[in-house]
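This report goes through the fold of one protein chain, from its overall make-up to a sheet, two hairpin or paired strands, and an internal space. Please keep the structure in view while reading.

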Amino acid sequence: RPPSHYPPPPALAQSNMAAAAVSEMQISSQQARDILARAKESSVLAEKAQSDARNAVKTIEAAAKVREETQARVEATIARGTSFDAEWEAFKRKFDELTKLAFDRLSGIAGAAATGARPAEVISEQRVAQVLRKSKNVVVLTGAGISSESGIPTFRGSDGFWTVGSENYRPQELATWEKFNEMPEELWKWYQYRWGICRKAKPNPGHHAIVQLESLVENGFTLVTQNIDGLHRDAGSNPDRLCEIHGRIDQMRCDERIPGSCLHGLDLSNEENIEAALATIEPTPAAAEDEAEERLPCCKRCGVRQRPKILWFDECYNEAFYKCNTVGEAMKACDVLLVVGTMLTTGLPSRMISEARKAGAIIIRMDPMLDLEDPAFAGMLHVQAKSGEALPRVVEELRRLRSESLPPPLASIAIGDTAPALAPAVVPAVAAAAESRSPSRSRNDKLHAAVASMAASRGTSKAAAKGRGSAIRAAGSISVAAGSGVAAVKQQQRKKKMGPVNSEAALPAYLADAAPCTSGPAVGFFVYGTLRPDDDSGAAWTKDFVEGMDSETATLAGASLYMEGFAALCLEKTRCIVRGALLTPKDKGSFDKVMAEKLVEADRIEGYPDLYDRAVATVQTASGKLQRAYVYHRTGRVDRSNCPCLADGDWMSRKR
């Protein structure tokens, strides 16, 4: 057979099988390596996919959080609605709280009482006239309220929206230099719209009354207005004493914040630059008939755009355009600040209030809106009325007061016991109590010393002082009150020295129809100084004297209140009044006994009859009743020409 047909030897067969096995093993190793390589590659891809998945999850979570926050903001915005006004009011409240806190802390540092200012009080138009008559450095501040009576919308009113494209803006958002710089053409159109409203307005009776007040107030006054309408000038107010602190809408000027402008880089409160600043002012042109044709004017000198001569919310006051320094100087000497139609929310008016309080000036606010609980209005005297209605009445009353001399003539007083103060059976008990009681002279000594010091400094002799004191006593609704035995003896001695006195004083005008109450015994005490229950001077005798007594606010007509280091009331032929309180015994069952004890105590405190005289006069209470009351006065003892007078007749208005 052929060799190929022979079976291989056993050894060769085994060798072939081994080779085949090795060959198969080599193939399997390559495949294994390939598989391993692919596995590694898959592992990398898996890790990358896993990482991408983790990142994707984080991105989704972050997006969800952003979406939730955005949704929350949107919902909050929707819930707030017109949130700007709410936030503005919240800001004002917070600012007031911080101001009050700072004031309290400063008061504590200075050792002053931390009780704050006296409560706000509503007063009559007649008292406003009285204050203006007796003041020499008056400042008048007016706001949007007086212009609203001429038909000009208030700046923060609901009709103040302006639409640009699809956006609605409030005046507070538009009235900034930043917004004007952002869209000057649109803002110019808005101001031209407002200028169109102001051009149609005319001064109202309030504006004209202020012009008349200028000629009736001693030394005139500085008029400060927040209004930009120019109505005070149109009414005839003195332009030299008019400070338009927020500018004028009928004027435009060069924009100093634009490089290349006439005023760029200048200090507009520096007197050296004022003339240059004023030279850039030009009248605002009439608005175009077609709003689309309205164009922002440019300065004729430098070519830079013009701007309204108006102070914006993001700008500071300066002297050149807003007279802020002039206002500051006026406030330093101010003794009365009359505020008409403003909520006092802007910077300079708020500072004016602070300066007035610091100077001890009387602050009177006239506005139809009144909140006596608002801490911002504490310490102020308020007239709740429209200025166009109240100011003309103030003018008429001031004219009547101007017919009186200043100081007015003293009231003539008839001496005698024609109007006994107490029931006859009680008078002996009072006299006995006065004789047996050893009075404390601490306050009397102080008053004697104060009077002596003042007399010495003014060159008035003791004899002259006695002469003035012995020349006057009460008449009409006022009569000298009988009291303790000692006082009665001294009164008789004075009567002998004086001889008969001609009683020529007529009943004060305010009490002309009060004849039934112009005679009879006293039902209480009219207190106007340290014996008032609300006295804040810290007098040691106040608490004891008012104990067991009811108190009601009251006024005494035909009198003025002077300061000699202490309260000194003088009875005068005047329409002016003094404000105080009527104290009457709470226990009506022991009325005579309480009145007798209080009379002795009051005589001791007031130093009667050495320092004060005593009369029975008719006073009017806050409830409208006319009552007879004891009044301790220093008529004829005060050098009124050189002694400070409390213009509103209220001890609480004295300078601390």
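## Overall make-up

Two residues are said to be in contact when heavy atoms of the two lie within 4.5 Å. With that meaning, among the contacts in the protein chain between residues at least 6 apart in sequence, 76% join residues at least 24 apart. The model is a predicted one, and its protein chain contains 20 helices and 20 strands.

Of the 656 residues in the protein chain, 45% are buried. The accessible surface of the chain amounts to about 33200 Å², and carbon and sulfur atoms account for 55% of that area.

## The seven-stranded sheet

Seven strands make up an open sheet with parallel pairing, in the order β1-β12-β11-β10-β2-β5-β6. Its edges are formed by β1 (121-122) and β6 (242-244), each of which pairs on one side only. At the β6 edge, strand β5 (residues 221-225) runs parallel to β6 and is joined to it by three bridges, with Leu223 standing opposite Leu242 in β6.

Helix α13 (residues 347-359) packs on this sheet, where it touches β2 (138-142), β5, β10 (336-340) and β11 (362-366), and its direction makes about 150 degrees with that of β10. Helix α14 (residues 387-402) also packs on the sheet, touching β10 and β11, and the direction of α14 makes about 130 degrees with that of β11.

## Pro349 in helix α13

Which residues does Pro349 touch, not counting residues up to four places away in sequence? They are Leu141, Gln226, Ile245, Tyr317 and Leu344. Pro349 has its place in helix α13, and the C-alpha atoms of Pro349 and Leu141 are separated by 7.8 Å although these two residues are 208 residues apart along the chain.

Pro349 counts as buried because its relative accessibility is 0%, and the cut-off for that term is under 20% relative accessible area.

## Two antiparallel pairs

Strand β7 (residues 247-254) and β9 pair in the antiparallel sense over five bridges, and within this pairing Cys254 stands opposite Gln306 in β9. Strand β9 (residues 306-310) is mostly covered, since five of its five residues are buried.

Strand β19 (residues 613-621) pairs with β20 in the antiparallel sense as well, here over eight bridges, and Val616 stands opposite Tyr630 in β20. The two strands β19 and β20 form a hairpin with four residues between them, and Gly624 in the turn has a positive phi of about 95 degrees. Strand β20 (residues 626-633) is mostly covered, with six of its eight residues buried.

## Internal cavities

Rolling a probe the size of a water molecule over the atoms shows where empty space is left. In this model the count comes to four cavities of 30 Å³ or more, and the largest cavity holds about 150 Å³ of space.

The lining of the largest cavity consists of 14 residues, among which Tyr528, Gly529, Thr530, Leu531 and Glu606 lie nearest its centre. The elements that give two or more residues to this lining are β14 (525-527), α20 (591-606) and β20, and the largest share, three residues, comes from β14. Strand β20 therefore appears twice in this account, as a partner of β19 in the hairpin and as a contributor to the lining of the largest cavity.

Definitions and conventions
Residues numbered from 1 in each chain as written. Predicted model: local features only at pLDDT ≥ 70, side-chain atom pairs only at ≥ 80, totals over all residues. Heavy atoms only, no water. Buried < 20%, exposed > 50% of the residue type's maximum accessible area, 1.4 Å probe, protein only. Pairing = 2+ DSSP bridges. Areas by Shrake-Rupley, 256 points an atom, 1.4 Å probe, with all protein chains shown as cover. Axes fitted to C-alpha atoms, helices over the stretch in contact; angles between N-to-C directions. 1 Å grid on protein atoms, 1.4 Å probe; cavity = no way out; pocket = protein on both sides within 12 Å on 5 of 7 lines; lining within 4 Å. Points joined across faces, edges and corners; volume = space filled by probe spheres on them.
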